[in-house]
Each structure stands twice: as structure tokens, then as C-alpha cells.
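This briefing is meant to be read with the sequence and the 3D view side by side. Please follow each named part in the view as it comes up.

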Amino acid sequence: MALGKYSRIDNRRSSSSYWPTVTVVVFVALCLVGVWMMTSSSMAPVQNVDEPAQEKKSEVREQVVESNESSTQQFEDNTGDLSEDATKGDSLVQNEKSGNIQENDEKSNEETKSVDGSNIETQNDESKTDDGASKTEENSESGETKTDAGEGNSEENSNENEKKTDTDKNEIKSEENSDNMKDGEKVDGQIQEKVDQNDEKEPEKSSDDKKEDDQSKNQTTESKNEKEEPEKSSDDKKEDDQSKNQSLNEVFPSGAQLELSKDTATQNGSWSTQATESKNEKEAQLSSANQSGYNWNLCNTTAGFDYIPCLDNIQAIKSLRSTKHYEHRERHCPEEPPTCLVPLPEGYRRSIKWPTSREKIWYYNVPHTKLAVVKGHQNWVKVEGEYLTFPGGGTQFKHGALHYIDFINETVPDIAWGKRSRVVLDVGCGVASFGGFLFDRDVLTMSFAPKDEHEAQVQFALERGIPGISAVMGTKRLPYPGKVFDIVHCARCRVPWHIEGGKLLLELNRLLRPGGFFVWSATPIYQKIGEDVAIWNAMSELTKAICWELVSVSKDTVNGVGIAIYKKPTTNECYEKRSKQEPPMCPETDDPNAAWNVPLQACMHKVPIESLERGSQWPEQWPARLEKPPYWLLSSQVGVYGKSAPEDFTADYEHWKRVVSKSYLNGLGIDWSSVRNVMDMRSVYGGFAAALKDINVWVLNVVSVDSADTLPIIYERGLFGIYHDWCESFNTYPRTYDLLHADHLFSKVKKRCNLVAVVAEVDRILRPEGKLIVRDNVETINELESLVKSMQWEVRMTYSKDKEGLLCVQKSMWRPDQLEDIKYALA
């Protein structure tokens, strides 16, 4: 009984203590499950509930921070460089989201720590039933607190996920905008520097956040790897941006700011976008197609690497009936211009920079020694090791060109080098030391000599960085308008001025400005040999007949030469008083400005006397004449661009000053210290050349024969130029220009010429590593880009907007292997 009673009592006690314990345990378990579920819902996205909550929370937070940084830091300090729409659409929104996300991150950090602590406490106290009630109350309160926090966190995480989605989208946009910004809207590299700095800071900040979250070692290792990759990408971007140096702030006539092309866009971070990958692949395929679409050959000619198509037409020269007027030195262009590339001399290297180049050049760039042998004693050129050197002399100034130049000015002070006299024509220039040293007196000299037995005279000049063309005074007018040169110079040029009615001297008379000087230093002036005396007498008679005044005859005792200086009249009075009308006056119908393939005539043009007629007044002194519209440009005249002529002139100058200062000098990655010889292939008023006045370059302005004849305006402002038809080759040796500039030339030329032949001519006259800048319509830009890529030129920059484009490319050293025989150029 007792035992039975005892048994009943034990059983009753066991049952009564068991159920409360079970209830407490179940309640605690439910609380724990609730707490876990709440903390789990506040820590991880719904779609990834099977992963640990803490790990997912860290990943979400890390991605949000990185996304926020990459989206905002690139723009937040640079809104002034962006358009208003871009600022509103990206930068401001990103900054607002940045603030919200950072606040949510701080809250989630605190909650994460409290949740972790409560979980640890609960796990440690599960087995302690004595403290179960207190722990239950604590956990119950904690559960209620965490439930509230969990609901808040759930909402916050929902917002974070939405913001992360928006941020990801904005991050993609920011990558695109960043690409555009890096290439197009950076000014003086400021934006690029900030982007690079932010790229370096992003991984460090992300790493600190991961340390605060106390992630595992594996996660830390992964974060380090992630940190290293963006830094390497940033360095790569720096190297690419520094090597290309392609910041641009371009100006079109409309005044719109240009961006850089997206062809050179760099990627943001370690991974490129699918859009960029696809775009790059399409461009690569296009480039491959272009290269395979046109195969270039190497020109095989007798002239070899000195080939000038219109001067080396051996077939045409052999068929000439006579050569006594130097017809064989004149232009004889083939019916079909060559479409092959001229070879490079073996050992060719980049030209020496000016002004050192005036004293010496690389021998292998112009590997000719005949002139050094023939003229060595006259200090024209000498061979010294791997250099050709130029002592600064010539036949008439063996002891220095500068002394000779100053002696001329001392003899006739009215010459006033660099003030009254700015543009000079040097006939039979030799190696052009006279023109080379006139730069020191702020004078431009157009030098020319024939491609004859005096080997490579003009080629020496151009390699030295001195202007020059290959030409001869033969049967046709020189390609310049009338009344444009301030001075014409001839130092023992051996031109028979007096023969055939003085036809050649009358060509100089056409070119010389009224009141201009003819400076002649030759043996007939100071030697008493029979032939020289006869020439002097004939010249004296001829110059008197054409009313030139003999201003001075003197002898330079240092150089041992005599100099005669003549002045062209400024009125027609002398012409009218001549007893004999020999040479005759040209008919009124004869245009003195017509110069393209026009035969020479032994006649003179009257001097303009109307006050508003060109040539009736001397231009403003240099440099005032550069900027001031010529007095003979009238408001009643319509300019090239549709405004009145003076307004057109001024607008053109202002336009090119903006383009050159804001774009060309800083935005195209051109090292202007390596640029000396420049050609503006389609000049209008000479505005491009005028804008480069303070740069140590000279610009040959080419006015196309099918364009408005504005070349007289160019000369009036103290610049120089030439007429040319780009369907034919230019009268210069290969590899003679550092930079070619073509403003809407190719779109016009391709309507009547073979564009491939024109591009081959561009390649011929441009030095390896030289630059070509083209402004034209988009269709033409695309064609040109394809052609230059097929020659393996480097496209430095290309841009298009509103059907207008800009292209800057650099010529390479590449030459094709396959030869193409040019039959008319083979002896």
C-alpha cells in the first residue's frame, strides 16, 4: 500500500513537473524559431533563404556599398562638367540614394550585432531549466524587440533591394556615362584623375566594411582578390589614358562642345559590359573586313623612295618635243594617279626636331651625298657620320645666312624684315638656308627649286623644317596669285632672266607686290667676266623697261658677293611714259591671278590705282595684318560662309582660334614640339594657320583650284600658300610634312577623284608618325577611317555629331610587301 501510494505520489509529481517543463521548452523553442526566422528574414533576400543569414547580409551590404561608390563618386564632384540633364538624371539621384543606403547600412550593422548576441545567449541557456523562466522572459522581450526590428529591417532590406536594383541600373548607366565622360567631357584631365582616384579608393573602403562585418578568412581572401582586380584595372586605365592622351574640348562652327569618340572608351572596374564587348567585336570585324577589302601594294618606280608622281612621269618626259625651257622639270601628271604606297629608305627614323634640324638631319632619311660633294666647299651641306649638316651658308653666303640677311636690311632699311616685309619668294633656293634663317627675323619664305641634277635640294630643306616645293620657272606660271610677295629673292639662281623678252622676270613682276623689292645677288653684279658683264647689261636694260627702280648695288665684303636691289613701281606713270611699249602691257582681259596651268606671257599687268583695289596699298605691318581684314574686303561682298566678307573673315578667325586652343593643342594627344611642317589641305581665309601663329610651326595653306579663290587674302595677312588640284600629286618629296589638316576636303574631292589615290598621296607626303586631322561629314569620315586602318594607321580619335565628324589618325611605319610596277615611272 505504502509502496503503491508512494508510487502514485511519484507518478503524480513527475507528471505535474513534466508538462510545465515541456511547455517552457516548447515555448522557448518557438521563440528561438521565431527569433531565428525574424533575424533570417532581416538578414537575407527571400530567394536565398537556404544560405546563412549573416553571409547573405554581408554580401548584400557589400554590393550596395560598392555599387553606391562606383555610381556616385565619379560624378559627385564634377557636376559642372556635365550637362544639366545628365546631372539631374544621374548625379543627384545617386547622391540621394547614397545617403539612404548609408543610413540603412548603419542600422543593419547595429541590428546584426544585437541579433548575433541574442542567438549566442539563447544557445548557451537552453539546458538551464532553473533560469528558463527568466530567459524565456528575456527572450520573449528580445523576440518582441527583434520582431519589431525585423519588421523594420525587412522593410529596410526591401528598400535596400529595390535601391540595389536601381543602383545596379544606375551603375550600368554610370559606367556608360563614365566611358563617355572619360573620353569626351574631361577638361585638362581633371575628371579622369578624380575617377582614377575613386577607383583606387573603392576597394579599400569595401575592404574596411567587410572587416567591420567580421567575415571569415575565406571571405577576406576573396575581398582582397576583388580589391586587387579593380586596382589593376584602374592602373590599366591610367596607362591607356596617359598613352593616348585623348581629352577633348572641341568646337564646331556652331560652337557645340564635342566629346571624344566612344571607340576609345575604357571600362569601369574589372568587368566589361556586354554592350562594349559586342561593340568592340563588331569594330574588330569591320576593321578586319576593311583591311581585307583593300590591299595596298608598294610602288615600284625608278625614283624609289623619292617618287613624286607628277615629276617622275618618265614616259611623258621622254615624249616631250623640247626641253630647252625646262619642260622636263615641269608637272606631267599621269592620267590615273597611283594607288600604291611609296617605300621608306632603309634606316629611316623619326626626323630631328626644330631648331636642331636646321643644323643637321639624319643621313638615312635623305641618303644623298652628291650635293655634299659638288657644293661642299660652299657650305651647302656636309656628311658627318650619320648626319648631314648644314653650316648655314650657300653659294652667296658661305660665312653665314644671318649676316647676309642683315646686310640686305642695312643696305635698304625700307625692307624692314618681319615688319613691312613678311612673305618672301626664294627662287632657286638650294637647301633653303636663306629661308631657314629668315625665321629668326619673323619672315616666311616660300622656297622652290627644280628636281634636277642638284640632288634633293628641296628634300633637304623640308627635312630641315624649312618650307619648300619642287618647281621650275619654265613655260607656265607659278601656282601663286598676282601681287602677293613682299620680296622676291634670287641668290645665284642661274635663271636666264633676260632672254625671250624677259618672260621669266615678268613672271616675278606678276608675283611681286607694287612697292615690293627684288633682291638679286649673282656673279654678273660683281664679276667682270665677259659673260657676266653681258648679263648685267641685259638685265639693266630689261629692269629699266619694266620700270623697276635700282635702289642699291653694293658688295658684302664678308661673303664677297654683290647685291642688287630693285623696287617695283606703285603707279602706272612710268609705264605710260615709255618710248617703246616693250615688254607690252597685258590685255585687260588677262587675269594676273590665274595661275593653274596658265602659259607664261611676256607682258606686264598695270598697277592697281583705285583705293579699294587690292595692290593699291601696302598691307598693315606684321603682325597687325594677320588679324585685321584687308582694306579691299568690302561689306558689299559675300564671303565664303554667307556673311559679308569682313564679317566672314573675322568669324572664320575666331572659329579657328577656338578650335585650336580648346581642342587641337590639348585635346588630340599631339606632341606639338615634334610638329614643324604643317599643311592645311583646304584653307579658306588661312584662319587655321593664323591660330597657330604662336606655335613653333609653319603652315602651307593650299587653296583647291575648284574652291573660292581666297589665296590673295591669305598672303595679305602675312601667311603663304599655293593653288593645287588634289586629283593630282603635290610637288613635294615623300615624307615631308608632320601634320596634315583637311577641313571638308575629302567629301568634295571624292566627287571627281579616286579617293583611294588621294589617300595614297596623303600617305606619300606625310612623315611616319605624322598626324592627319580630318573634319568632314560622317560618311566620308567612315570611308577614310576604313582606308587608313587598312594601312595600319593608328586611329587616335574619331567623333561624330549631327552628321559631322572629326578624325585624328597617326601614320605608322608599316609598308606592304607586294610590289606594283608603275610603268610610266620606270626607266
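What follows covers the chain as a whole, then one sheet, then some charged residues.

The model is predicted. The chain has 827 residues, and 53% of them count as buried. Its secondary structure comes to 24 helices and 21 strands.

**The chain as a whole**

- The accessible surface of the chain comes to about 37,400 Å², and carbon and sulfur atoms account for 49% of that surface.
- Contacts often link distant stretches of sequence: of those between residues at least 6 apart, 72% join residues at least 24 apart.
- The structure holds 31 salt bridges, and some of them are described below.

**The sheet around strand 11**

- Seven strands form an open sheet, with the order 9-8-7-10-11-13-12 and mixed pairing.
- Strand 9 and strand 12 (residues 549–556) stand at the edges of this sheet; each has a single partner strand, so one side of each is left without a neighbour in the sheet.
- Strands of a sheet pair through backbone hydrogen bonds, and the pairing can be parallel or antiparallel.
- Strand 11 spans residues 512–521, and ten of its ten residues are buried.
- On one side of the order, strand 10 (residues 485–491) runs parallel to strand 11, and six bridges join the two.
- Two bridge partners show how these strands line up: F485 is paired with L512 in strand 11, and A491 is paired with S521 in strand 11.
- Strand 13 (residues 561–567) runs antiparallel to strand 11, and four bridges join this pair.
- One of the bridge partners here is A564 in strand 13, which is matched with W520.
- Between strand 10 and strand 11 the chain passes through helix 14 (residues 503–511), and the three elements make a right-handed β-α-β unit.

**A salt bridge between strand 10 and strand 11**

- The side chains of D486 and R513 meet in a salt bridge, with N to O at 3.0 Å.
- D486 lies in strand 10 and R513 in strand 11, so this salt bridge ties together parts that are 27 residues apart in sequence.
- D486 has a relative accessible area of 0% and is buried.
- R513, with a relative accessible area of 1%, is buried as well.
- D486 and R513 also belong to a network of salt bridges that includes R625 and E716.

**A salt bridge within helix 14**

- The side chains of R510 and E507 meet in a salt bridge at 2.8 Å, N to O.
- R510 and E507 are three residues apart in helix 14, which means they are separated by about one helical turn.
- Both of these residues are buried.

**R477 and what surrounds it**

- R477 is found in the loop between strand 9 (residues 469–470) and strand 10.
- Is R477 buried or exposed? R477 has a relative accessible area of 7%, so it counts as buried, for which the cut-off is under 20%.
- Leaving aside neighbours within four places in sequence, R477 is in contact with several residues, among them E507, R510, D590, A594 and H605.
- E507 and R510, the salt-bridged pair of helix 14, are thus named among the contacts of R477.
- Which residue's side chain meets that of R477 in a salt bridge? The partner is D590, with N to O at 2.9 Å.
- This pair links distant parts of the chain, 113 residues apart: R477 is in the loop between strand 9 and strand 10, while D590 is in the loop between helix 17 (residues 573–577) and helix 18 (residues 624–627).
- D590 counts as buried too, at 15% relative accessibility.
- The side chain of R477 also reaches the backbone oxygen of A594, at 2.7 Å.
- The C-alpha atoms of R477 and N593 are separated by 10.0 Å, although these residues are 116 apart along the chain.

Terms used:
Residues numbered from 1 in each chain as written. Predicted model: local features only at pLDDT ≥ 70, side-chain atom pairs only at ≥ 80, totals over all residues. Heavy atoms only, no water. Buried < 20%, exposed > 50% of the residue type's maximum accessible area, 1.4 Å probe, protein only. Contact = heavy atoms within 4.5 Å. Areas by Shrake-Rupley, 256 points an atom, 1.4 Å probe, with all protein chains shown as cover. Pairing = 2+ DSSP bridges. Right-handed = clockwise from strand over helix to strand, strands pointing away. Polar contact = N/O pair within 3.5 Å; in protein donor to acceptor, adjacent residues only side chain to side chain. Salt bridge = Lys/Arg side-chain N within 4 Å of Asp/Glu carboxyl O.
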